[in-house]
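Visitor: I'd like to learn how to read a fold from a few computed values. Could you walk me through one?

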Amino acid sequence: MKIEIKDETAPLEVVVLGIANDMGAPLDINPVSKSHMLNGTYPLETDIVLELEAFEMALKEAGVEVLRPQNLKGVEQMFTRDIGFVIDDKFVVANMKEPVRQIEFPGIESLLGNIPKERILRLPKEAMVEGGDVIVHKNHLFVGISKRTNWAGYEFLKKEFPKKEVYALPLKVTDSPETNILHLDCTFQPVGEGLCIIYEDGFKTKPEILYQLFDQDEMIKVTMEEKQLMFPNVFSVAPNKVIIEKNFSRLRHELNTKGIETIEIKFQETSKLSGLLRCSTLPLRRTYPNS
């Protein structure tokens, strides 16, 4: 299997989309899902299954080949982004901090059987990285330092990808569902040609590199309320085509006025687990000229 990911927006060819069958007992491993457990608003498995089916249909209609994990009974498998990720032509097996997430990888292992072993990277024990904290932007690689990804994980990626400019972006980590940033893609994501969606208060310190790469008029800035709805966590299937949650009306307007077509699907129940569209996808190959 050929794998190649150099950015977040090139035309998508192959992706692994999560599943929600047999997801088991509710988990309170992040502040958002914990708050829904306490408030009695935790999503039903049947609703998440339907949302993922709609997502699969939208991806296929966009010409994308969609792969699904093998079902592991009693295991949450919605958020495939975190358990592995592709940078250039290498597949990195994530090192997960939470024990309940470490058991997800076998669900996609068989899908990777055709990737040459020398193209699969495994992290040392002390290095923690989840895919939601890793954003590839051409020769730049951004790594969120969070509760799930540590400095040793950042150093590993910096060493393994010496041709890239690798930047650590420390995130705000709290116990509050309003202020906690679980992963980098919950507060920042490139879209289109030279644009990004950003929640500026999601970082411990101002991420200067982002302001060097994106001008003010190239940033779609979101509020805390919009961040909580997960505005930054959309998913690009092409530079001019982005899948978004159907209730993101302001974001739809912002993207449309910048020449980006939006495909709208219902994904509100899945968001209650602190993940949205990017979280649910593991892209394996995008299209690049001359490659």
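Visitor: What radius of gyration would a compact globule with 291 residues have, and what does the chain have?

Guide: The radius of gyration is taken over C-alpha atoms, and the globule rule is 2.2 Å times the number of residues to the power 0.38. For 291 residues that gives a value near 19 Å, and the chain has 17 Å, which agrees. Its C-alpha atoms fill a box of roughly 45 × 45 × 40 Å along the principal axes. Mind that this is a predicted model: local features need pLDDT of at least 70, side-chain atom pairs count only at pLDDT 80 or more, and totals for chains, interfaces and linings use all residues. Residues are numbered from 1 along each chain as its sequence is written, and side-chain values use heavy atoms, with hydrogens and water left out.

Visitor: How many helices and strands are there?

Guide: Both are DSSP runs numbered from the N terminus: helices are H or I, at least four residues, and strands are E, at least two. Here you get nine helices and 15 strands.

Visitor: And what share of the residues is buried?

Guide: Buried means under 20% relative accessible area, exposed over 50%, partly exposed in between (1.4 Å probe, protein chains only). In this chain, 57% of the 291 residues are buried.

Visitor: Is Asp82 buried or exposed?

Guide: Buried, because its relative accessible area is 2%. Asp82 sits in the loop between strand 2 (65-67) and strand 3 (84-87). Taking contact as heavy atoms within 4.5 Å, and leaving out residues up to four places away in sequence, Asp82 touches Ala94, Met96, Arg101, Glu130, Gly131, Gly132 and His183.
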